[in-house]
Amino acid sequence: MTPAQSPDSATITFQLPRDELVRTLWRRVVSRPRYLQSMGLFFALALIAMSAGPRSFYVGLLLFFYVLARPWAARQAIARNVDANTMLTDERTVEFGPAGISAAGPDWKTSVPWRYFKVWSEDDRNFYLEVGVVGLASIIPKRVMTDQQRQLLRMYLASIPGG
């Protein structure tokens, strides 16, 4: 604990590699129920069209290829966004406490109160804090945190829906 750090706050430093960030964000987007439902609907429509007769077979085939290509296109879009925004892969220092969470990189700093987060979740590797509902989230890897820091973060996140 640093002298300026109180027992009810924590500071961690980490950097998310580009490929890990793209893979994690892609997995979150394509596993969302709305995405899976829409791809299931397009797949069902493709099967119906292909079996409806020779006139609609090619429409069904196009829908089928759309269903196959859409996850790849989503990954490419996420990769382009990550590449265009180097702040996402900068080494960062994150501090969280009662007032909210702040992050600072080489030439940027941001601070967000807890009330601005819409939802949060966690898996065995990361915490995810979302300010919107599109599936893209701020990622905090658990590997850079102590057990006490994880518990402290969970305590603050308990005031946010979705955990």
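Helices (H or I, at least four residues) and strands (E, at least two) are DSSP runs, numbered from the N terminus. The model is predicted: local features need pLDDT of at least 70, side-chain atom pairs count only at pLDDT 80 or more, and totals for chains, interfaces and linings use all residues. Residues are numbered from 1 along each chain as its sequence is written, and side-chain values use heavy atoms, with hydrogens and water left out.

**Exercise 1. Place R23 and state its exposure class.**

Step 1. Helix α1 spans residues 18-30, and R23 is found in this helix.

Step 2. Buried means under 20% relative accessible area, exposed over 50%, and partly exposed in between (1.4 Å probe, protein chains only).

Step 3. The relative accessibility of R23 is 43%, so R23 counts as partly exposed.

**Exercise 2. Identify the surface patches that include R23 and L41.**

Step 1. Patches are made of residues with over 30% relative accessible area and no salt bridge; like charges are joined within 9 Å, and nonpolar side chains (Val, Leu, Ile, Met, Phe, Trp, Tyr) within 5 Å. Accessible areas come from the Shrake-Rupley method with a 1.4 Å probe, and for residues only the protein chains shown count as cover.

Step 2. Lys and Arg count as positive and Asp and Glu as negative, while His and the chain ends are not counted. The place of a charge is taken as NZ of Lys, CZ of Arg, CG of Asp or CD of Glu.

Step 3. A patch of positive charge on the surface gathers R23, R27, R75 and R125.

Step 4. L41 is located in helix α2 (residues 33-51). On the surface, L41, L45 and I48 form a nonpolar patch whose accessible area is about 280 Å² together.

**Exercise 3. Describe the cover and pairing of strand β6.**

Step 1. Strand β6 covers residues 126-130 and is mostly covered, with 5 of its 5 residues buried.

Step 2. From β6, F127 and L129 point one way, and N126, Y128 and E130 the other way; all are buried.

Step 3. Two strands pair if DSSP finds at least two bridges between them. Strand β5 (residues 119-122) pairs with β6 in the antiparallel sense over 4 bridges, with E122 opposite F127. A hairpin is formed by β5 and β6, with 3 residues between them.

Step 4. Strand β7 (residues 138-141) also pairs with β6 in the antiparallel sense over 4 bridges; here L129 stands opposite S138.

**Exercise 4. Trace the salt bridges of E130 and E122.**

Step 1. A salt bridge is a side-chain nitrogen of Lys or Arg within 4 Å of a carboxyl oxygen of Asp or Glu. The structure holds 8 salt bridges.

Step 2. One of them joins the side chains of E130 and R28, at 2.4 Å from N to O. E130 lies in strand β6 and R28 in helix α1, so this pair ties together parts that are 102 residues apart in sequence. Both residues, E130 and R28, are buried.

Step 3. E130 also forms a salt bridge with R32, the closest N and O atoms being 3.9 Å apart. This pair links distant parts of the chain, 98 residues apart: E130 in β6 and R32 in the loop between α1 and α2. E130 is buried because its relative accessible area is 4%, whereas R32, at 27%, counts as partly exposed.

Step 4. The side chains of E122 and R154 meet in a salt bridge of 2.9 Å, N to O. The partners are 32 residues apart, E122 in strand β5 and R154 in helix α4 (residues 147-157). E122 is partly exposed, with a relative accessible area of 30%, and R154 is partly exposed at 26%.
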